[in-house]
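This briefing is meant to be read alongside the sequence and the coordinates. Two topics are taken up in turn, each with its own group of points.

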Amino acid sequence: MTARKSNLKNPIYHDDDAARAHLEALLWPYGPVCPRCGVTGDRITKLQGQSTRPGVHKCKDCRKPFTVTVGTVMERSKVSLSSWVLAAHFMASSKKGMSAKQLQRLMGCTYETAWFLFHRLREAARPSDPGPLGGPGRTVEADETYMGGKEGNKHANKRAKDRALAADRKEAVLTLVERGGFARSFHVASVTAKTLRNEIVTNVHRSSHLMTDGAAYYVTTGREFAAHSSVDHVSGEYVRGEAHSNTAEGYFAILKRGVYGTFHHVSPAHLHRYLAEFDFRYSYREAMGVDDDMRAAELLRGAKGKRLYYRQPGQAAHA
Ligand SMILES: [Zn+2]
């Protein structure tokens with residue numbers, strides 16, 4: 001099976017009317033929705049005329065105009081809609097991510113615009129209302145790693161390398177991966193039983209089978225789940241039947257290849273944004289039957305509900 005290649009000649013990538021129609025189809029699958037009062041159907045009229053900007057709708061209830069970008073990460077940006085759609089395509093289809101520098105070259109925009117586009121799209125990549133991972137009969141792997149050390153700092157054993165990086169005060173990342181499902185990763189202040197437990201119990205359904213390595217900080221948290229298995233990496237054990245954390249290790253391999261290979265450096269303040277991007281691509285991976293176009297569409301759908309300016313009291317909707 002080969003993945004269908006997306007066609008960059010598609011007008012959604014260079015024509016703003018086509019891009020708007022594409023966004024409206026994704027964000028308003030059942031027709032335009034007023035971002036202020038949520039009404040649809042015949043309560044909404046599309047404004048047309050020479051003095052009206054394209055894509056403006058008006059709500060008969062609140063009488064406010066709006067477009068498809070209100071209440072999304074695209075709201076109030078000066079970037080054209082086709083640029084948003086194209087940037088989303090690049091982020092969704094680049095296996096190791098794409099740097100703002102690369103986007104700048106490909107789109108012929110400024111570095112600032114490219115950086116802005118990707119950072120907003122990382123916000124779109126973040127799950128809007130994430131339910132717990134796992135559930136009855138499901139397995140969730142939890143594992144942690146460190147980012148930001150010299151990649152030359154290679155030890156044969158992952159633990160020894162992580163200890164060296166931890167001593168170097170590098171950034172700790174916890175990832176939770178449901179086998180055959182989504183990944184969710186966190187930048188944690190430190191690797192302790194308490195910090196890891198906080199994220200694990202908040203994000204993993206208690207009826208799941210939790211899978212970790214043999215580190216002591218997973219022992220008590222493991223008891224809060226339907227089952228907990230671990231393999232003892234220190235004594236050289238990596239796989240015992242179903243007990244392994246190879247799925248999480250695979251996720252880290254993709255994350256590190258991307259962050260070190262594409263971005264070279266990620267500031268600790270922004271690490272969570274990159275984790276959202278890598279979680280997103282992993283969660284909607286090809287092995288799950290998602291091709292590049294479907295992944296880009298999912299990313300644009302995630303643009304909704306991330307900028308809720310219109311909910312601020314006394315403020316008009318920004319069309
Ligand atoms: Zn309204």
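Does Cys 34 count as buried or exposed? In this predicted model, Cys 34 has a relative accessibility of 2% and therefore counts as buried, since the cut-off for that class is under 20%. Cys 34 is also one of the protein donors of the zinc ion, and the points below begin with that site before turning to Thr 175.

**Zinc site**

- The zinc ion takes its protein donors from the SG atoms of Cys 34, Cys 37, Cys 59 and Cys 62, which lie 2.1 to 2.3 Å from the ion.
- The angles among the 4 donor atoms run from 105 to 121 degrees, and the site is tetrahedral.
- Along the sequence, the donor residues follow the spacing C-x2-C-x21-C-x2-C.
- Distant parts of the chain are linked by the pair Cys 34 and Cys 62, which are 28 residues apart: Cys 34 sits in the loop between helix H1 (16-27) and strand S1 (44-46), while Cys 62 sits in the loop between strand S2 (57-59) and strand S3 (65-66).
- Whereas Cys 34 is buried, Cys 62 is partly exposed, with a relative accessible area of 22%.

**Surroundings of Thr 175**

- Thr 175 belongs to strand S5, which covers residues 171-178, and with a relative accessible area of 0% Thr 175 is buried.
- The side chain of Thr 175 is joined to that of Ser 185 by a polar contact of 2.7 Å.
- When neighbours within four places in sequence are left aside, the residues in contact with Thr 175 are Glu 141, Ala 142, Asp 143, Arg 184, Ser 185, Ala 248, Tyr 251 and Phe 252.

Notes: Residues numbered from 1 in each chain as written. Predicted model: local features only at pLDDT ≥ 70, side-chain atom pairs only at ≥ 80, totals over all residues. Heavy atoms only, no water. Donors = N, O, S within 2.8 Å, 3.2 Å for Na, K, Ca; no water. Tetrahedral: all angles 85-135°; square planar, octahedral: opposite > 155°, others 65-115°. Helix = DSSP H or I, 4+ residues; strand = E, 2+ residues; numbered from the N terminus. Buried < 20%, exposed > 50% of the residue type's maximum accessible area, 1.4 Å probe, protein only. Polar contact = N/O pair within 3.5 Å; in protein donor to acceptor, adjacent residues only side chain to side chain. Contact = heavy atoms within 4.5 Å.
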